[in-house]
Structures are given as structure tokens and as C-alpha cells.
Amino acid sequence: MEMKKYSGFVWMELAVGALLILLGIFTFLRPGSLLTGIVVIYGLIALITGVDDILTYIRLEKYTGFAPLVSLISGILSVMCGCMLLLYPNAGKWILSLLFPIWFIAHCISRLAHVYIIRMAGQKFFYYFALIINIVGLVLGILMFFNPMLTFMTMRFMGYVVAVYLILLGIDSIMAALDRKDFR
């Protein structure tokens, strides 16, 4: 019975990783559409990522500490951002420069709160990869948050940066899913 829950969790992580990679590739190919046609796609990704973080909280709620609570908060913020982008895409074009950094920051903090588990499992390469990717994402989110007008004006350049980061974040999610498959 426990294995089925665990298996579904791994598949969710794989799906999130694949969607993040696809979103990153699309953003890289069309960085100018970051503020126009892609708002709905980002809303879907934020919604799925939020559900994944909430499922992580449900799975880890029996443990004490900081990590499970961060997953719940990150999940709620991601679901809220995703719903807002899906329900109000025109408003999403204008406030994406504020929501996107908040999503980056929340998701990266959530990932960093769980990185110790990877270290305990002895996955040295994945530990350092996840640590570096999420620290870079956290810095990128903070930079975008504190200078939203610059982010808005230079969205084409930021589109390339965000695209590469989304691809790396997708790889991180897939590697986490594959690692969890072996960590029983």
C-alpha cells in the first residue's frame, strides 16, 4: 500500500520535471512571448508545481522540522500564482514580473530545505547539483524581485536566463524522482 503512494509521488515529480523542461525549451525558443502567450502555460506549471509541493508536505508531515512546512507554504503560493495566471491572463502579463520571482524564491527555498535528505542518501553529485541550481534560482528570484522594472524591460534577455534555469530545474526534478525511486 505504501509503495503505491510512493510510486505516484515519483511519477508526479517526473511529470513536473518534464513539464519544466518543455516550458524551458519553449521559453528559450520564444523569449519575446514570455509576457504574452505564455502566461497561461506558466499558470499551469505553477499550479502543478504547487500541487506537487503540497503532496510533498502531506508525505512529510509526520516529520518535524522546517522542511515540511516550507513545502506547504511553497505549494500554496504556487497554487495561488497558478490560479491567478489562469483566471486573469491579462493581469498576469503586468504582474508576472512580481509573481515569477516570488515563485522562484518559494520553490528554491522549498528545494533547499529538502537537500539534506539527498546528502544523507549519499548522492554526492545530485546533492551538489540541486544545491547549486537552487541557490542560483534563489539569487535570480531575488534579483528579479528587487528590480521588477528591469525584469519587465529586459524580459527577452531574462527569457533566455529563465529558460535555461527552467530546464535545469526540470532536470533537478527528474533526478530527484529517480533518486527517490531508489531511496526506500
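Among contacts in the protein chain between residues at least 6 apart in sequence, what percentage join residues at least 24 apart? The figure is 78%. The views below come from a predicted model.

**View 1. The whole protein chain.** The chain has 7 helices and 0 strands. Read from the N terminus, the order of elements is α-α-α-α-α-α-α. The chain holds 184 residues, and 44% of them are buried. Its accessible surface is about 9700 Å². Carbon and sulfur atoms account for 76% of that surface.

**View 2. Helix H2, end to end.** H2 covers residues 39-60, which makes 22 residues. At 1.5 Å a residue, H2 should span 32 Å. The expected span counts one less than the number of residues. The end C-alpha atoms of H2 lie 31 Å apart, so the expected and modelled spans agree.

**View 3. The buried residues of H2.** Val39 and Leu60 are both buried. Two glycines, Gly43 and Gly50, are buried as well. So are Asp52 and Asp53. The buried residues of H2 also include Tyr42, Ile45, Ala46, Thr49 and Thr56.

**View 4. Val79 and its contacts.** Val79 sits in helix H3, which runs over residues 66-87. Leaving aside residues up to four places away in sequence, Val79 touches Ala46, Leu47, Gly50, Val51 and Ile54. Among these partners, Ala46 and Gly50 are on the list of buried H2 residues.

**View 5. The Val79 and Leu47 pair.** Val79 and Leu47 are 32 residues apart in sequence. In space, their C-alpha atoms are 4.5 Å apart. Leu47 is also one of the residues that Val79 touches.

Note on methods
Residues numbered from 1 in each chain as written. Predicted model: local features only at pLDDT ≥ 70, side-chain atom pairs only at ≥ 80, totals over all residues. Heavy atoms only, no water. Helix = DSSP H or I, 4+ residues; strand = E, 2+ residues; numbered from the N terminus. Buried < 20%, exposed > 50% of the residue type's maximum accessible area, 1.4 Å probe, protein only. Contact = heavy atoms within 4.5 Å. Areas by Shrake-Rupley, 256 points an atom, 1.4 Å probe, with all protein chains shown as cover.
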